[in-house]
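Visitor: Hi! Could you walk me through this one? I'm new to reading structures.
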Amino acid sequence: MREQHEAVGLRVPGLVLTEHEFSVPLDHARPDGDHLTVFAREVADPGGVERPYLVFFQGGPGHEAPRPTRFPSSPGWLDRALQDYRVLMLDQRGTGRSSPLASQPGLIAEQQAEHLANFRADSIVRDAELIRRQLGVERWSVLGQSFGGFCVTSYLSLAPDGLREAFITGGLPPLRRPVDDVYSATYRRVLERNRRYHERYPYDRARLRHLRQRLAETEVRLPGGDRLTWRRFRHGQRSGHERRGGQASLPAGAACRLPSFLARRRNRDALCPESALCDRA
C-alpha cells in the first residue's frame with residue numbers, strides 16, 4: 001500500500017498553520033487501487049504547536065473545512081479549542097482542496113452509486129485513521145458538528161482505539177427509528193415553515209419567482225467566485241472561497257443586486273444566510 005504525505009508550514013497573524021496532503025485509497029478495502037488526495041490544515045496557537053490534536057469534522061456533507069482566522073477569530077470556537085489543542089481541519093474527501101468528487105461519464109446508475117459509496121462517513125473515518133497513523137499519533141480527540149457528528153459516531157464504532165475523547169455538537173443518528181422516518185418528518189416540517197413564512201410575508205412569493213428567473217437567466221457570482229444557482233440559494237449554502245489552485249476571484253461584471261428583502265434576517269423563518277448574498281450597487 002502506498003502512503004504519501006506532504007506538508008507545508010506557514011504563519012498568519014496569531015496562528016501557526018501546517019498544510020498537509022495525504023494520499024488515501026479511494027476504496028479502503030482495496031488499498032492498492034485508485035487513490036485520492038485528502039487536504040488537511042493543522043491550526044495551532046503560536047505557543048501551542050506541540051499540544052495534542054483535536055480533529056474537526058464539519059457539517060455537510062459536501063462542505064470543506066472552515067478556513068481559520070484570528071483577530072477576529074473564526075470559527076467562533078477556535079480560540080477556546082486552541083487553549084488545549086492544535087486543531088486538524090480536514091477537507092473531507094471530495095470537498096475543498098481534496099480530490100474533487102468528479103462526474104463519472106459513461107457509467108450506468110449502479111456504477112455511479114458504487115463510486116459515490118466511497119464518499120460516506122465510514123470512508124471519511126478511515127481516511128482520518130490513516131492520517132493519524134501517518135502523523136504518528138497514538139490517540140487523538142475528535143469534534144463533530146452536524147454531519148460531522150455522524151462521522152464521530154461512526155468513528156466510535158469503527159476505530160474507537162484511535163480516540164482519546166469525542167465531542168459532538170450536533171448530528172446524532174437515530175437509535176430506534178429508520179433514518180427515512182426522520183427525513184419524512186423533516187420534510188413535513190419544512191413545508192409547514194414555508195407556509196408560515198409566506199403567510200406572514202405574502203409579497204415575497206412573487207419576489208422569489210422573480211429571483212428564480214433571474215438566477216436561471218443571469219450568471220450571479222458569490223463573493224468567493226462560485227455561481228449562485230437557484231438550487232444553491234434554496235439550500236442556503238455558503239460559498240467555498242478556497243479551491244485547489246488558490247482563491248477564486250470575482251469576475252468583472254459579476255456584481256449583482258438582489259432584492260433588498262433578502263438581505264434582512266427577519267426572523268427564524270429567514271430564507272437564507274446573509275453571507276450567501278451579494279448586494280452591490
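Guide: Happy to. Let's start with Pro-72, which sits in the loop between β4 and α1 (78-82). Keep in mind that this is a predicted model.

Visitor: What joins Phe-71 and Pro-72?
Guide: A cis peptide bond joins them, with omega at about 5 degrees. The loop between β4 and α1 also holds Pro-75, and a cis peptide bond links Ser-74 to Pro-75, where omega is about 0 degrees.

Visitor: And what about the phi of Phe-71?
Guide: That phi is near 60 degrees, which is a positive value in a residue other than glycine. Phe-71 is in the loop between β4 and α1 too.

Visitor: Is Phe-71 buried or exposed?
Guide: Phe-71 counts as exposed because its relative accessible area is 65%, and the cut-off for exposed is over 50%.

Visitor: Which residue in the loop between β6 and α4 should I look at?
Guide: Try Ser-146, which has its place in that loop. Ser-146 is not a glycine, yet its phi is positive, about 60 degrees. Its relative accessibility is 33%, so Ser-146 is partly exposed.

Visitor: Let's zoom out. How many helices and strands does the protein have?
Guide: There are 7 helices and 7 strands. Along the sequence they follow the pattern β-β-β-β-α-β-α-α-β-α-β-α-α-α.

Visitor: What share of the residues is buried?
Guide: Of the 281 residues in the protein, 41% are buried.

Visitor: Which residues touch the most other members of the largest nonpolar core?
Guide: Those are Phe-57, Leu-88, Leu-90, Trp-140, Val-142 and Tyr-155, in a core of 27 residues. At least two core residues come from each of β2 (15-25), β3 (35-44), β4 (53-57), β5 (86-91), α3 (121-134), β6 (140-144) and α4 (147-158). The largest share belongs to α3, which gives 6 residues.

Visitor: What does Leu-90 touch?
Guide: Leaving out residues up to four places away in sequence, Leu-90 touches nine you can find by name: Phe-39, Ala-40, Val-55, Phe-56, Phe-57, Gln-58, Ala-65, Ala-128 and Ile-131. There is also a second, separate core of 13 residues, and its members include Leu-15, Leu-54, Ala-65 and Leu-143.

Visitor: Where does Ser-154 lie?
Guide: Ser-154 lies in helix α4. Not counting residues up to four places away in sequence, Ser-154 touches Ala-121 and Val-125. Along the chain Ser-154 and Val-125 are 29 residues apart, but 7.1 Å separates their C-alpha atoms.

Visitor: What percentage of the protein's contacts join residues at least 24 apart?
Guide: It's 62%, counting contacts between residues at least 6 apart in sequence.

Visitor: New topic: pockets. What volume does the second largest pocket have?
Guide: About 350 Å³. The pocket is lined by 13 residues, and Pro-61, Gly-62, Arg-93, Leu-101 and Phe-119 are the closest to its centre. By type, the lining divides into 7 nonpolar, 4 polar and 2 charged residues.

Visitor: Last one. What is the mean pLDDT of the protein?
Guide: The mean is 82, and 82% of the residues reach 70 or more. Over residues 237-281, though, the pLDDT is below 50. In the model that stretch has 95 contacts beyond near neighbours in sequence.

Visitor: Why not study a low-pLDDT part closely?
Guide: Because predicted coordinates should not be read in detail where pLDDT is low.

Conventions:
Residues numbered from 1 in each chain as written. Predicted model: local features only at pLDDT ≥ 70, side-chain atom pairs only at ≥ 80, totals over all residues. Heavy atoms only, no water. Core = buried A, V, L, I, M, F, W, Y, C linked by side-chain atoms within 4.5 Å. Buried < 20%, exposed > 50% of the residue type's maximum accessible area, 1.4 Å probe, protein only. Helix = DSSP H or I, 4+ residues; strand = E, 2+ residues; numbered from the N terminus. Contact = heavy atoms within 4.5 Å. pLDDT = per-residue confidence, 0-100. 1 Å grid on protein atoms, 1.4 Å probe; cavity = no way out; pocket = protein on both sides within 12 Å on 5 of 7 lines; lining within 4 Å. Points joined across faces, edges and corners; volume = space filled by probe spheres on them. Nonpolar A, V, L, I, M, F, W, Y, C, P; charged D, E, K, R; others polar.
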